[in-house]
Amino acid sequence: MPMITTVQQHILQQQREQMKTTGREPTGTFSWLLSGITLAAKMVEAKIRSAGLSDIYGAFGAENVQGEQQQKLDVYANQALLHCLGLRDSVAALVSEEDEQPVTFNRDPETGKYIIIFDPLDGSSNIDVNVNVGTIFSVLRRLPLEQGTLEQSILQPGYEQVAAGYVVYGPSTVLVYTTGSGVHGFTLDHTIGAFVLSNERMRMPEQGSYYSVNEANADGWPAAYRSYIDMLRAGGLGKTYSSRYIGSLVADFHRTLLKGGVFLYPPTLQQPKGKLRLLYEANPLAFIAEQAGGVATYGAERVLDIRPEVIHQRTPFCIGSRREMEALVQAVKL
Ligand code: P6P
């Protein structure tokens with residue numbers, strides 16, 4: 001019988017290992033919390049897999065807080081996560097890309113210890129053309145009452161995350177997460193209906209051979225980004241690069257994590273503060289990248305150090321292998 005390790009088992013194993021230093025016995029609260037995410041992910045995956053055969057494609061007919069046309073699957077994924085996570089007593093608040101305001105639960109801080117922030121279905125405009133989409137999540141601990149309100153707990157900098165992860169729905173459905181002890185990948189095994197450990201202690205290559213950016217925006221980037229891409233093209237880092245841009249952040253990041261290279265969403269004319277969202281896109285992926293040996297900035301500075309001011313805050317976003325990112329930071333600093 002091959003060894004099978006589910007997400008919940010893996011988290012408990014990690015907590016037992018950490019117990020040697022923390023002395024804290026795993027309570028199972030955290031693994032129970034993450035089981036809410038894996039359950040919702042399985043519900044979303046089932047819908048996506050059958051999307052062509054049911055009336056789940058297309059626009060829902062409303063806009064979300066971002067002013068974007070909600071796809072039917074956006075609404076479904078959001079409802080699945082709100083339902084599955086709302087049932088976990090350890091959740092104090094849920095923050096979604098799809099909702100203007102957080103969903104809060106009247107639980108005492110001893111019980112409601114965690115805040116889950118998520119993009120339920122990122123890249124959803126690609127669904128109708130059968131391109132990979134993803135779910136991204138970030139977990140923060142609620143601040144003690146004397147240290148801050150629930151809103152201040154939500155607006156903590158990314159270095160305070162206790163966990164982060166994503167699910168990429170593609171030829172296979174893969175969940176990648178970190179709790180600060182490395183990055184670990186799980187593949188959904190439909191025969192048993194569980195995410196099974198398939199890639200433990202994932203490391204981002206020191207250098208890759210792909211750069212990933214929407215070059216249609218190049219005229220609007222700050223000049224340093226244009227010269228950086230020109231440098232990569234000219235072999236300035238000692239390698240020949242190919243361009244890969246899927247237009248679905250989770251898919252572009254997952255490739256960067258596995259193969260190395262760099263993904264950029266610089267400031268543009270239309271969005272001088274960047275397009276991607278800090279709390280539920282940049283922060284969780286930055287936490288994962290750093291845990292895998294990569295780097296994530298919003299130009300020259302570290303994404304995880306940003307002190308958020310509003311929930312749906314946007315940021316320029318650069319993430320990838322150490323070699324490419326060191327060169328980017330130098331280019332932007334000039
Ligand atoms: P553009 C999808 O809408 C998304 O939020 C990310 O998944 C993706 O990286 C980005 O926008 C693509 O944006 O402007 O290149 O189409």
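Reader: Which residue of β13 is the bridge partner of S212?

Author: In β13, S212 has F263 as its bridge partner. Before we go on, this is a predicted model, where local features need pLDDT of at least 70 and side-chain atom pairs count only at pLDDT 80 or more, while totals for chains, interfaces and linings use all residues. Residues are numbered from 1 along each chain as its sequence is written, and side-chain values use heavy atoms, leaving out hydrogens and water.

Reader: What makes strands β11 and β13 a pair?

Author: Strands (E, at least two residues) and helices (H or I, at least four) are DSSP runs, numbered from the N terminus. Two strands pair if DSSP finds at least two bridges between them. Two bridges join β11 (residues 210-212) to β13 (residues 262-265), so the definition is met. These two strands run parallel.

Reader: Why are β12 and β14 called edge strands?

Author: Their open sheet has the order β12-β11-β13-β15-β14. Both β12 (242-243) and β14 (295-297) pair on one side only.

Reader: How do you know that helix α8 packs on this sheet?

Author: Contact means heavy atoms within 4.5 Å, and α8 (residues 322-333) touches β13, β14 and β15.

Reader: Why do β4 and β10 count as edges of the sheet of eight strands?

Author: That sheet is open, in the order β4-β3-β5-β6-β7-β8-β9-β10. β4 (103-104) and β10 (194-199) each have a single partner strand, so one side of each lacks a neighbour in the sheet.

Reader: What makes β5 and β6 a pair?

Author: Seven bridges join β5 (residues 114-122) to β6 (residues 133-141), and the two run antiparallel. One of the matches is I115 with L140 in β6.

Reader: How do you know that D122 makes a polar contact with the ligand?

Author: A polar contact is a pair of N or O atoms within 3.5 Å. A polar side-chain atom of D122 lies 2.5 Å from a ligand oxygen atom, so the pair qualifies. For N214, also through a polar side-chain atom, the distance to a ligand oxygen atom is 2.9 Å, and for a backbone N or O atom of L249 it is 2.8 Å. The protein covers 81% of the 400 Å² of accessible area (Shrake-Rupley method, 1.4 Å probe) that the ligand has on its own.

Reader: What makes a residue part of the ligand's surroundings?

Author: One of its heavy atoms must lie within 4 Å of the ligand. The residues around the ligand include Y245, K275 and E281.

Terms used. A polar contact is a pair of N or O atoms within 3.5 Å; within protein, one must be able to donate a hydrogen and the other to accept it, and residues adjacent in sequence count only if both atoms are side-chain atoms. Axes are lines fitted to C-alpha atoms, for helices over the stretch in contact, and angles run from 0 to 180 degrees between N-to-C directions.
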